[in-house]
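Got your viewer open and a selection box ready? Load the model and let's walk through it stop by stop.

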Amino acid sequence: MVTHPFHPWSGRRVRVCRSVRRGGGLVFVCTAGDGMTVTLPQAWTDRAPAPGENRLAADGLGALSALVNALVSRCGEPGGGGPS
């Protein structure tokens, strides 16, 4: 189903003929049975990942912050790889 609110086929059920990886994302080549086809990004359909499904966990963000802080402090040390 097309879920993008401004798409002319919004709310319409379509048949996915094939899926293609394009620009780092997934797009569907679809038909609605009237001979017309349309290419839709996955995010514009009911097959999009659930909101928050790809979010980072708080403990992962904390570990990332600690790593960035450690790298930044090493760049300030003599011989630590900072600008010369």
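In which segment does His7 lie? Select it and look along the chain: His7 lies in the segment before β1 (15-22). Strands here are DSSP runs of E with at least two residues, helices are runs of H or I with at least four, and both are numbered from the N terminus.

Before going further, some ground rules. This is a predicted model, in which local features need pLDDT of at least 70 and side-chain atom pairs count only at pLDDT 80 or more, while totals for chains, interfaces and linings use all residues. Residues are numbered from 1 along each chain as its sequence is written, and side-chain values use heavy atoms, leaving out hydrogens and water.

**Stop 1: stay on His7.** Its relative accessibility is 14%, so His7 counts as buried (under 20% relative accessible area; exposed is over 50%, partly exposed in between, with a 1.4 Å probe and protein chains only). Now show Trp9: the side chain of His7 reaches the backbone nitrogen of Trp9 at 2.9 Å. Add Val2, Val38, Leu40 and Trp44, which His7 contacts once neighbours within four places in sequence are set aside (contact means heavy atoms within 4.5 Å).

**Stop 2: charges over rings.** Keep Trp9 on screen and add Arg12, whose charged end sits over the Trp9 ring, 4.6 Å from its centre. The rule asks for NZ of Lys or CZ of Arg within 6 Å of the ring centre and within 35 degrees of the ring normal. Next, pick Arg47 and Phe28: Arg47 lies over the face of Phe28, at 5.6 Å from the ring centre.

**Stop 3: the hairpin.** Switch to cartoon and select 25-31, which is β2. β2 pairs with β1 in the antiparallel sense over seven bridges (pairing takes at least two DSSP bridges between two strands). To check the register, click Arg15 and find its bridge partner Thr31 in β2. The two strands form a hairpin with two residues between them, and Gly23 in the turn has a positive phi of about 60 degrees.

**Stop 4: cysteines.** The structure holds zero disulfides (a disulfide being two cysteine sulfur atoms within 2.5 Å). For Cys30, the nearest cysteine sulfur is that of Cys17, 6.9 Å away. Cys30 is buried because its relative accessible area is 0%, whereas Cys75, at 41%, counts as partly exposed.

**Last stop: zoom out.** Colour by secondary structure and you get one helix and three strands, in the order β-β-β-α. Of the 84 residues, 15% count as buried.

Conventions: A polar contact is a pair of N or O atoms within 3.5 Å; within protein, one must be able to donate a hydrogen and the other to accept it, and residues adjacent in sequence count only if both atoms are side-chain atoms.
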